[in-house]
Amino acid sequence: MTEDVLFVCKSAGMGDPNIWGDEWGEQQEDWSGGGGLAKRLVPSGPQLGATLYELERGNFMIFHFHHGSEELLVVLRGRPTLRTPAGERQLEEGAVVHFPLGPDGAHEIRNDTDEPVRYIVAGTRVSPEVVEYPDLKQLTAQSRFPSQTGERLFVIHDVKEQEA
């Protein structure tokens, strides 16, 4: 789930990544359970993040939204299903979708087809960042800058539903 900008999948640095290549490198733990492959296209820079994803049938990027980072989706291959607060729709190859900050930018991408789906998600990078996962009733908070102990902050917190 975590990359420096809180995506579902995480991959090790790949040198000179190629969006059409099939070299994915070592995949890190996917704690959200969405599956799929990922490779970082932009090294851990201070302002911009970009990751290439590939989803086989049934794989997904879990429904989430960011409090600090805007994101942009570019579909390269296949027909992913996009879920937003407005509902679901299937995207075409070449589709570009902007996800603003906050609940209005909530999104999930999944592959309901028999063909692989390949896409890029690029976004601004802020630190610290908080991301909410409404379906999991969780949020994460993280910083990409080492703390005084030399470790980066990453916290998963269960969100309690508010009583009416």
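Is E54 buried or exposed? E54 is buried, because its relative accessible area is 9%, and buried means under 20% relative accessible area, exposed over 50% and partly exposed in between (1.4 Å probe, protein chains only). The views below show a predicted model, in which local features need pLDDT of at least 70 and side-chain atom pairs count only at pLDDT 80 or more, while totals for chains, interfaces and linings use all residues. Residues are numbered from 1 along each chain as its sequence is written, and side-chain values use heavy atoms, with hydrogens and water left out.

**View 1. Surroundings of E54 in strand 2.** E54 belongs to strand 2, which spans residues 48-55; strands (E, at least two residues) and helices (H or I, at least four) are DSSP runs numbered from the N terminus. A polar contact of 2.6 Å joins the side chains of E54 and R118. Such a contact is a pair of N or O atoms within 3.5 Å; within protein, one must be able to donate a hydrogen and the other to accept it, and residues adjacent in sequence count only if both atoms are side-chain atoms. Apart from neighbours within four places in sequence, the residues in contact with E54 (heavy atoms within 4.5 Å) are W24, G36, L37, R77, P116, V117 and R118.

**View 2. Salt bridges of E54 and R118.** Side chains of opposite charge can pair when their charged atoms come close. A salt bridge is a side-chain nitrogen of Lys or Arg within 4 Å of a carboxyl oxygen of Asp or Glu, and the count by this rule is 10. In the bridge between R118 and D22, the closest N and O atoms are 2.8 Å apart. R118 lies in strand 9 (residues 117-124) and D22 in the segment before strand 1 (37-40), so this pair ties together parts that are 96 residues apart in sequence. R118 counts as buried at 0% relative accessibility, whereas D22 counts as exposed at 57%. E54 forms a salt bridge with R77, with 3.8 Å between the closest N and O atoms. Because E54 lies in strand 2 and R77 in strand 4 (residues 71-77), the pair ties together parts 23 residues apart in sequence. R77 is partly exposed, at 30% relative accessibility.

**View 3. A network of salt bridges around R83 and D135.** The side chains of D135 and R83 form a salt bridge at 2.6 Å, N to O. D135 is in the loop between strand 10 (129-133) and strand 11 (138-146), and R83 is in strand 5 (residues 81-84), 52 residues apart. Both are partly exposed, D135 at 43% and R83 at 22% relative accessibility. The network links R83, E88, E108, R110, D112 and D135.

**View 4. The five-stranded open sheet.** The strand order is 1-2-9-4-7, with antiparallel pairing; two strands pair if DSSP finds at least two bridges between them. Strand 1 and strand 7 (96-99) stand at the edges with a single partner strand each, so one side of each is left without a neighbour in the sheet. Strands 2 and 9 pair in the antiparallel sense over eight bridges, and L52 has I120 in strand 9 as its bridge partner.
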